[in-house]
Amino acid sequence: MKRVGFLCEEDRANLVALARDGSAASRITRRANALVLLDNGWSCREVANALLIDDDTVRNWRKLFEQRGIEGLTSFDMGGSASFLSAEQEDALKSFVSTTLPRSTRHVGLWIEKEFGLVYESRSGLIALLNRLGLEYHKPNVIPRKLDEKKQTAFVESYENLMNSLADNEAVLFVDAVHPTPCSPTRRLLGAKRREARD
């Protein structure tokens, strides 16, 4: 995306003056430097490496300049403090989330778009909105489909009985990561020797 000489003389002079102005905020100076270097024929990656920033940032600054000129470079009106939703819409969103328990922020964003006609373009914006409303997302734990509570209760009881009936010189080993097996120190050593002999 190299394009030498895209700045007019007036814009270039203003950007150079802005870059050399010691009183300007350093972020404005960096933006001005980036555009002057792009105008000199540097690539976005070369400018990013020189200024120790990401090349997408350089592309965004150039786009901002092309859309709004120097005023776009010197303003930092990113918003973010005011909600796009009214209080009633926020209550409806809380109700939706608490009743349906959506699996991802994508589902929440689609619902907001469908119900209110508002599009949240970033996942981080939706997360910030949900956090501000006191809602948190935690990745769900997977539960097996064939869950049998009776078998689980029986397993826990048998495990506790086993643990309570062990002698001081015995230990419990989980042979297949699920089923505990009582094991005396002698048996454990014999099992280890058999495994070594097989290897």
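**Salt bridges, helix packing and nonpolar cores**

A salt bridge joins the side chains of glutamate 66 and arginine 62, with an N to O distance of 3.1 Å. The two residues are four apart in helix H4, so about one helical turn separates them. An α-helix has 3.6 residues a turn, so residues three or four places apart point the same way. The partners differ in burial: glutamate 66 is partly exposed at 48% relative accessibility, whereas arginine 62 is buried, with a relative accessible area of 3%. The model analysed here is a predicted one, and a search of the whole structure gives five salt bridges.

A further salt bridge in helix H4 is formed by the side chains of arginine 59 and aspartate 56, at 3.0 Å from N to O. These residues lie three apart in H4, about one turn of the helix. Both are partly exposed: the relative accessible area is 31% for arginine 59 and 43% for aspartate 56.

Arginine 132 and glutamate 90 also form a salt bridge, their closest N and O atoms being 3.1 Å apart. Because arginine 132 belongs to helix H7 (residues 123–132) and glutamate 90 to helix H5 (residues 87–100), this pair ties together parts that are 42 residues apart in sequence. Arginine 132 is partly exposed at 48% relative accessibility, while glutamate 90 is buried at 14%. Elsewhere, salt bridges with shared partners connect Asp55, Asp56 and Arg59 in one network.

Aspartate 55, a member of that network, is found in helix H4. Its relative accessibility is 16%, so aspartate 55 counts as buried under the 20% limit. When residues up to four places away in sequence are not counted, aspartate 55 touches Cys44, Arg45 and Ala48. Cys44 and Ala48 are among the buried residues of helix H3 (residues 44–51), whereas Arg45 is exposed.

The full set of buried residues in H3 consists of Cys44, Val47, Ala48 and Leu51. Viewed down the helix axis, these residues fall within an arc of 100°, so they line one face of H3. Arg45 and Asn49 are exposed on the other side of the helix. The buried residues of H3 pack against helix H2 (26–39) and helix H4 (55–74). Just after H3, leucine 52 adopts a positive phi of about 60°.

The largest nonpolar core comprises 20 residues, of which Leu15, Leu35, Leu38, Val47 and Val58 touch the most other members. Helix H1 (9–20), H2, H3 and H4 are the elements that each give two or more residues to this core. H2 supplies the largest share, with seven residues. Leucine 38, one of the core residues with the most contacts to other members, is in contact with Arg3, Phe6, Ser43, Cys44, Val47, Val58 and Arg62, leaving aside neighbours within four places in sequence. A second core, separate from the largest one, has 13 residues, including Leu93, Trp111, Leu126 and Leu135.

The structure holds zero disulfides. A disulfide is a covalent bond between the sulfur atoms of two cysteines. Two of the cysteines present contrasting environments. Cysteine 8 is partly exposed at 38% relative accessibility. Cysteine 44 is buried, with a relative accessible area of 5%, and is among the residues contacted by leucine 38 and by aspartate 55.

At the level of the whole protein chain, nine helices and two strands are present. From the N terminus on, the order of elements is α-α-α-α-α-α-α-α-β-β-α. Of the 199 residues in the chain, 28% are buried. Among contacts with a separation of 6 or more, 43% involve residues 24 or more positions apart. The chain exposes about 14900 Å², and carbon and sulfur atoms supply 51% of this area.

Conventions: Residues are numbered from 1 along each chain as its sequence is written. This is a predicted model: local features need pLDDT of at least 70, side-chain atom pairs count only at pLDDT 80 or more; totals for chains, interfaces and linings use all residues. Side-chain values use heavy atoms; hydrogens and water are left out. Buried means under 20% relative accessible area, exposed over 50%, partly exposed in between (1.4 Å probe, protein chains only). The arc is that of the directions from the helix axis to the C-beta atoms. Contact means heavy atoms within 4.5 Å. A nonpolar core is a set of buried Ala, Val, Leu, Ile, Met, Phe, Trp, Tyr and Cys residues joined through side-chain atoms within 4.5 Å. A disulfide is a pair of cysteine sulfur atoms within 2.5 Å. Accessible areas come from the Shrake-Rupley method with a 1.4 Å probe; for residues, only the protein chains shown count as cover. A salt bridge is a side-chain nitrogen of Lys or Arg within 4 Å of a carboxyl oxygen of Asp or Glu.
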